[in-house]
Amino acid sequence: TGLPFPDLATEVPTQQNGGISADGLTYTFKLRPGIKWSDGQPLTAKDVVFTYTVMTDPKLASPRSGELTERVASVSAADDLTAVFKMKKVVAPFLVTDMFPICPEHILGSVPPDQIKSHPFSTGDPKATVGTGPFKFKEWVKDDHATFEKNPLYFRGEPALDEYVFKVVKDQGVVAAQLKTGEADYGGITPSLVADMSKQANLNVVNYNTYSWSFYAYQMNPQKSPFFLDKRVRQALAYALDREAMLKAIYFGFGEVAQGTIPDSSWAYAPDQITTKYTFDLTKANQLLDAAGWAKGADGIRAKDGKRFSFTLWTGVASQVYQQLCTAAQQMWKAVGVEATVKPEEWNAFISRISDARDFDIFLEGFSWGVDPDQTIMFRTGANLNRNPYSNPDVDKLLDQGLSELDQAKRKQIYIQMENILWDDLPSLPIADTQALAGLNKRVHNFFPNATNIRWNAHTWWVADGK
């Protein structure tokens with residue numbers, strides 16, 4: 001469902017059960033008794049306190065420290081099985097966005113924070129890399145594989161599998177080949193491989209909704225590009241795209257045309273309440289471009305004030321799907337007098353371009369949201385992934401309201417308001433809410449791929465032939 005469930009805790013804290021205070025500023029977690037680390041040491045609330053204390057230490061340089069420092073005032077242990085979080089402010093998605101794996105104080109407590117990354121716990125020493133999950137760490141060969149063996153001390157019961165291997169391979173072509181031979185039991189595949197993989201006697205092909213979408217973002221800095229500062233232009237290019245055809249041809253229908261910015265797996269998804277509908281409408285697209293002052297020239301390409309409507313569309317070279325989306329958009333935009341040149345770029349250079357230099361007209365990529373519908377990271381003024389850059393005080397206000405509202409029904413309405421503003425302003429256009437696709441060997445049982453937590457029941461996985 002995307003909602004929190006108890007793991008190390010006996011239950012999810014709520015205001016109803018007293019786990020969350022009436023003012024939303026105190027969270028009390030009761031830990032399950034008897035949980036042990038895989039080396040036999042007991043897990044206690046002191047481990048929780050240690051984990052969150054060290055994560056906010058500047059010497060650790062954790063990417064989580066900024067958000068935690070902004071949100072959490074203190075973490076304390078009321079007793080061995082009770083951890084108490086005091087918040088600086090109400091954070092509605094706290095139980096989803098800020099619950100991190102707990103680390104062992106008895107292993108790391110005496111290690112200076114700036115040395116934890118190089119400690120054997122972090123680099124892969126079976127004696128130091130301990131956990132409380134169903135499998136124990138056994139081996140890590142960088143860029144090749146990691147091996148895990150059953151943890152007989154696991155608090156939900158001894159796992160059915162003796163061993164579990166996570167392999168790293170070059171690309172999805174290799175994944176597909178190893179799935180066919182049985183060398184791999186599970187792995188993601190591309191839409192174009194589904195028909196072939198469905199014919200394999202040893203495999204099932206599974207698909208499921210995700211929190212991901214493919215999208216493109218307009219450059220809205222007037223110093224970088226002149227083309228997309230007018231909202232009518234941004235809307236026109238959306239109307240000029242036959243996104244349904246793109247979904248069918250490139251994603252083979254595995255997904256939904258995006259209706260708003262909230263992905264279709266989210267509890268806040270409400271396409272029927274999105275007021276603007278970007279259906280494929282060339283007449284509308286042409287009318288908007290005409291109204292914005294972009295007139296077609298003799299060569300069929302629009303121009304304004306002597307400037308041809310000709311720009312570069314960037315994407316990462318590693319994704320054939322993204323390149324195909326770019327090519328399709330290029331062809332569809334040409335039909336309304338807009339010329340796009342597609343530039344696939346090596347991944348690191350592409351990320352540097354859009355994140356650091358922000359040197360682009362339009363870029364196209366994919367993004368995976370978390371299970372919470374907060375979209376601050378992409379649409380709030382000055383946010384890390386707000387690369388356009390886009391700024392709207394009304395959107396900022398609604399994002400802040402959404403983070404401080406504990407009532408889920410009220411939160412949903414806040415995000416619908418936010419979406420309707422974004423869908424009208426259109427700083428970025430999600431093309432499709434995409435599904436994940438994978439091949440799964442028929443010998444594997446109790447394995448249920450999903451967008452939230454693939455390994456939630458790993459202790460119950462088993463294979464029919466015992467290998």
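The following paragraphs go through the interior, a small sheet, the salt bridges and a surface patch of this predicted model.

The interior comes first. The largest nonpolar core has 72 residues, and the members that touch the most others are Y216, F228, F309, F311, W333 and I362. Helix α11, residues 320–334, gives the most to this core, contributing 8 residues. The surroundings of Y216 show which parts of the chain meet there. When neighbours within four places in sequence are left aside, Y216 is in contact with L237, A238, L241, W333, I362, F363, L364, S428, L429 and I431. Two of the core residues named above, W333 and I362, are thus among the contacts of Y216. There is also a second, separate core, which has 34 residues and includes A45, L68, M87 and F121.

S214 offers another view of the interior. This serine lies in strand β8, which covers residues 203–218. Its relative accessible area is 1%, and because the limit for a buried residue is under 20%, S214 counts as buried. With neighbours within four places in sequence again left aside, the residues in contact with S214 are Y251, Y322, L325, E365, G366, L429, P430, I431, A432 and T434. L429 and I431 appear in this list and also among the contacts of Y216.

Next comes the small sheet. Three strands form an open sheet in the order β10-β11-β12, with antiparallel pairing. Strands β10 (295–296) and β12 stand at the edges with a single partner strand each, so one side of each has no neighbour in the sheet. Between β10 and β11 the antiparallel pairing runs over 2 bridges. K296 has R302, in β11, as its bridge partner.

R302 also takes part in a salt bridge. Its partner is D290, and the closest N and O atoms of the pair are 2.7 Å apart. R302 belongs to strand β11 (residues 302–304), while D290 belongs to helix α10 (residues 282–291), so the salt bridge ties together parts that are 12 residues apart in sequence. The accessibility of the two partners can be set side by side: R302 is buried, at 2% relative accessibility, whereas D290 is partly exposed, at 47%.

The edge strand β12 has a link of its own. R308 forms a salt bridge with E339, with 3.2 Å between the closest N and O atoms. Because R308 lies in strand β12 (residues 307–308) and E339 in strand β14 (residues 339–345), this pair ties together parts that are 31 residues apart in sequence. Both ends are partly exposed: R308 has a relative accessible area of 36%, and E339 has a relative accessibility of 28%.

Elsewhere, E67, R71 and D98 are joined into one network by salt bridges that share partners. E158 and K150 form a further salt bridge, their closest N and O atoms being 2.9 Å apart. In total, the structure holds 21 salt bridges.

The last stop is on the surface. F5, F448 and W456 form a nonpolar patch there, and together they have about 340 Å² of accessible area. W456 is placed in the loop between β17 (444–445) and β18 (462–463). With a relative accessible area of 43%, W456 is partly exposed.

Conventions
Residues numbered from 1 in each chain as written. Predicted model: local features only at pLDDT ≥ 70, side-chain atom pairs only at ≥ 80, totals over all residues. Heavy atoms only, no water. Salt bridge = Lys/Arg side-chain N within 4 Å of Asp/Glu carboxyl O. Helix = DSSP H or I, 4+ residues; strand = E, 2+ residues; numbered from the N terminus. Buried < 20%, exposed > 50% of the residue type's maximum accessible area, 1.4 Å probe, protein only. Pairing = 2+ DSSP bridges. Core = buried A, V, L, I, M, F, W, Y, C linked by side-chain atoms within 4.5 Å. Contact = heavy atoms within 4.5 Å. Patch = residues over 30% accessible without salt bridge, like charges linked within 9 Å, V, L, I, M, F, W, Y side chains within 5 Å. Areas by Shrake-Rupley, 256 points an atom, 1.4 Å probe, with all protein chains shown as cover.
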